[in-house]
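This report asks how the parts of one protein chain are held against each other. Please look over the sequence and the structure before reading on.

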Amino acid sequence: MFYIKFDGNYDIAATTKEIYINKRITRDTMIKIVNSCTPIEIKTEGVLKREISNELSKLNRGNKKLLTEDFIPQTATNADLETIFKKYFDTTQIGNEEVTIADQYIFSNGIDVQLLVNIITSNIKSKKVRFVYNKTFCDKTIYNNLISLLNKNNFQVRFEITQNLHDRYWYSKNGGFLVCASFNTLRKAPTIIKMLNCQELCQIYKYYGV
C-alpha cells in the first residue's frame, strides 16, 4: 500500500502529477497531500485520484486519520494548548520559515504572554515571526513584554498594522492553520483550530502577505 506522509499543505494535483511523470508509483511511493482535504475532494483532483482516494479510505478506517481540526475546550490547560499548537506546527512544518501571526488582538489585555512566547519559541525553528495586528487593540505593556522576551530568544520580529482583520491565522510559505478565537480569549469559550487548504492560503497571502 502507499505510504502517505502528512507534510503540510500541498497541492494535490501538482504533487500527483509530478509522481506520475517521474514514474515513481510503487508500493514505497510517498504521497504528499493537503491535510484538510477530504476523500471526496481528492476524488476530483485528477491523476491518481482513484489510488489516493482508496488509500485515504484505508487510512481513515485504521488508527490514523487526517488532521483537519481540533476542539479547544474552556478547560484546556497551558500544557494542553502547547500540545495542540505543536501538533499543527509539526504537521504544517510552517516553523521552518518566517511565521505570520495575523490576530488583531495579539497584543491585547488578557494575553498570557509567557504561554504565547513558549508556543512561538518551541515551534518556530527559523526564529522569525511577523505579527499582523490592529493598533487600536494594542496594549503597550504587553507589546513591550512580548517583544522583549522574543528578543532574548534571538528572534527576528516584524510588524504590520491593519484594520482589515477578523479571523486569526498562523501561517508561512509552507502552509498554515486557523484559530477561531484570538489568543487572549482562547479559554473564555470553546473554540476550534483547523488546517488551512491551498485555496484559503492563497486568499490569505493576497490580503496579508507572506
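The sections below cover the fold, one helix, the aromatic pairs and the salt bridges of a predicted model.

## Overall fold

The chain is built from seven helices and nine strands. Of its 210 residues, 45% are buried. Among contacts with a separation of 6 or more, 79% join residues 24 or more positions apart. The chain exposes about 11100 Å², and carbon and sulfur atoms supply 48% of that area.

## Helix H4

Helix H4 takes in residues 78–92. At 1.5 Å a residue, its 15 residues should span 21 Å, and the end C-alpha atoms are 21 Å apart, so the expected and modelled spans agree. Gln-93 follows the helix and has a positive phi, near 60 degrees.

The buried residues of H4 are Leu-81, Ile-84, Phe-85, Tyr-88, Phe-89, Thr-91 and Thr-92. Their cover includes helix H5 and the strands E3, E4, E7, E8 and E9. An α-helix has 3.6 residues a turn, so residues three or four places apart point the same way. Phe-85, Tyr-88 and Phe-89 also belong to a cluster linked by ring pairs, together with Trp-170, Phe-177 and Phe-183.

H4 carries a salt bridge as well: the side chains of Asp-90 and Lys-86 meet at 2.6 Å, N to O. These two residues are four apart in the helix, about one turn. Asp-90 counts as partly exposed because its relative accessibility is 38%, and Lys-86 counts as partly exposed at 42%.

## Aromatic pairs

The model holds 20 aromatic pairs. One of them is formed by Phe-107 and Tyr-143, edge-to-face, with 5.0 Å between centres and 70 degrees between the planes. Phe-107 lies in the loop between strand E4 and helix H5, while Tyr-143 is in helix H6, so the pair links distant parts of the chain, 36 residues apart. Both rings are buried: Phe-107 has a relative accessible area of 1%, and Tyr-143 has 15%.

A further pair joins Tyr-169 and Tyr-208; this one is tilted, at 6.2 Å centre to centre and 40 degrees between the planes. Tyr-169 is in strand E7 and Tyr-208 in helix H7, 39 residues apart, and this pair too links distant parts of the chain. Tyr-169 counts as buried at 15% relative accessibility, and Tyr-208 is buried with a relative accessible area of 10%.

Tyr-143 has a charged neighbour in addition to its ring partner: Lys-140 lies over the face of Tyr-143, at 4.7 Å from the ring centre.

## Salt bridges between distant parts

The count of salt bridges comes to five. Among them is the contact between the side chains of Glu-98 and Arg-158, at 2.8 Å, N to O. Glu-98 sits in the loop between H4 and E4 and Arg-158 in strand E6, 60 residues apart. Arg-158 is partly exposed, at 41% relative accessibility.

Strand E6 also supplies Glu-160, which forms a salt bridge with Arg-130, the closest N and O atoms being 2.7 Å apart. Arg-130 lies in strand E5, so this pair ties together parts that are 30 residues apart in sequence. Which partner is buried and which is partly exposed? Arg-130 is buried, with a relative accessible area of 4%, whereas Glu-160 counts as partly exposed at 32% relative accessibility.

Conventions
Residues numbered from 1 in each chain as written. Predicted model: local features only at pLDDT ≥ 70, side-chain atom pairs only at ≥ 80, totals over all residues. Heavy atoms only, no water. Phe/Tyr/Trp six-rings, centres within 6.5 Å; stacked < 30°, edge-to-face > 60°. Buried < 20%, exposed > 50% of the residue type's maximum accessible area, 1.4 Å probe, protein only. Lys NZ or Arg CZ within 6 Å of the ring centre and 35° of its normal. Contact = heavy atoms within 4.5 Å. Areas by Shrake-Rupley, 256 points an atom, 1.4 Å probe, with all protein chains shown as cover. Expected span 1.5 Å × (residues − 1). Salt bridge = Lys/Arg side-chain N within 4 Å of Asp/Glu carboxyl O.
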